Amino acid sequence: MHSNSDDDQLPDPQDSVRRERREDAVASFLQQTPVIYQHDIDLHPKAAAWAAREADAPISLFLTGAIGVGKTHTAWQATRHWIGQHIATTGRQPSVETWRSTALFDALRPDSRDYDGRALTAQLQRADLLYIDDLAAARVSPGGWTQERLYELFDERYINRRPVLITCDVLPSQTEHIVGERVQSRLREMFRGGVCLLEGDDRRAGGTQ
Ligand SMILES: Nc1ncnc2c1ncn2[C@@H]1O[C@H](COP(=O)(O)OP(=O)(O)OP(=O)(O)O)[C@@H](O)[C@H]1O
Ligand SMILES: [Mg+2]
């Protein structure tokens with residue numbers, strides 16, 4: 001006799017397609033990950049919880065802490081998990097932009113030789129996840145082009161609730177001189193409840209790895 005439990009045993013073809021897609025996407029992101037950040041570490045629970053959020057309720061994450069404490073490693077690994085979770089819940093491969101702040105701010109300049117600032121801004125506005133590493137490392141002139149582009153970029157992401165992941169060695173309250181007043185106001189709301197402080201020593205100093 002036919003029973004429901006037999007049905008339950010059958011592999012759902014959609015599930016296996018998703019699983020394969022997820023494994024491929026995670027493996028390909030691992031390939032793009034800088035070598036020293038490819039091995040798994042114990043993720044801070046807040047970063048792990050961020051990555052495990054349902055894709056229909058994405059939130060932003062601000063990873064802060066002293067130099068060498070593990071922010072960038074945490075960010076790459078959390079992003080990898082975030083991608084896997086996104087595919088598991090939506091079945092769709094997300095677009096993820098990963099940028100060092102210094103390279104990003106150079107690329108956004110109107111005289112950039114390598115990028116069309118307008119096209120890049122549009123691409124970064126739309127990406128499913130934007131990860132900016134080491135925000136406080138970049139130098140910006142107040143009220144200049146970079147801050148104007150950052151405004152366009154962050155305002156569009158803010159009004160569409162698109163998540164941003166930032167690593168930074170200063171607190172989110174101390175980034176106004178970099179991003180400008182209007183972006184700072186938006187970041188305050190985007191990162192409400194989404195600040196993760198990593199504590200500890202500079203792991204590069206030795207003895208802790
Ligand atoms: N939880 C961890 N366990 C073991 N090693 C770790 C861990 N987190 C980071 N590391 C290692 O510590 C070193 C420093 O980490 P990372 O580059 O992420 O620091 P950071 O906080 O981003 O530093 P900075 O502020 O200078 O950018 C790297 O070699 C990294 O692989
Ligand atoms: Mg770093």
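The protein chain carries 25 positive and 31 negative side chains, and the centres of the two sets lie 5 Å apart. Lys and Arg count as positive, Asp and Glu as negative; His and the chain ends are left out. Each charge is placed at NZ of Lys, CZ of Arg, CG of Asp or CD of Glu.

This is a predicted model, in which local features need pLDDT of at least 70 and side-chain atom pairs pLDDT 80 or more, while totals for chains, interfaces and linings use all residues. Residues are numbered from 1 along each chain as its sequence is written, chains are lettered from A and ligands numbered from 1 in the order written, and side-chain values use heavy atoms, without hydrogens and water.

## Overall layout

The chain has 9 helices and 5 strands. These are DSSP runs numbered from the N terminus: helices are H or I with at least four residues, strands are E with at least two. Their order from the N terminus is α-α-α-β-α-β-α-α-β-α-β-α-α-β. Along the principal axes, the C-alpha atoms fill a box of roughly 75 × 45 × 30 Å.

Of the 209 residues, 42% count as buried. Buried means under 20% relative accessible area, exposed over 50%, and partly exposed in between, with a 1.4 Å probe and protein chains only. The chain exposes about 12000 Å², and carbon and sulfur atoms supply 46% of that area. The areas come from the Shrake-Rupley method with a 1.4 Å probe.

Contact means heavy atoms within 4.5 Å. Among contacts between residues at least 6 apart in sequence, 82% join residues at least 24 apart.

## Strand E1

Strand E1 spans residues 61–64. In a regular strand the side chains alternate between the two faces of the sheet. Both faces of E1 are covered: Leu61 and Leu63 are buried on one side, Phe62 and Thr64 on the other.

E1 pairs with strand E4 (residues 164–168) in the parallel sense, over 4 bridges. Strands pair if DSSP finds at least two bridges between them. E1 also runs parallel to strand E5 (residues 195–197), joined by 3 bridges. Phe62 takes part on both sides. Phe62 stands opposite Ile166 in E4, and its bridge partner in E5 is Val195.

## Helix H9

Helix H9 covers residues 181–190, and its buried residues are Val183, Gln184, Arg186, Leu187 and Met190. Seen down the helix axis, these fall within an arc of 165 degrees, so they line one face of H9. The arc is that of the directions from the axis to the C-beta atoms. They pack against helix H7 (145–159), E4 and helix H8 (176–179). On the other side of H9, Glu181, Arg182 and Arg188 are exposed.

## Three residues to inspect

Asp134 has a positive phi of about 60 degrees although it is not a glycine. Arg161, another residue other than glycine, has a positive phi near 50 degrees. Arg80 is listed here for its burial.

| Residue | Location | Relative accessibility |
|---|---|---|
| Asp134 | loop between strand E3 (129–133) and H7 | 31%, partly exposed |
| Arg161 | loop between H7 and E4 | 66%, exposed |
| Arg80 | helix H4 (residues 71–90) | 4%, buried |

What is Arg80 in contact with, leaving aside its neighbours within four places in sequence? The partners are Val26, Phe29, Leu30, Thr33, Tyr37, Gln38 and Asp40.
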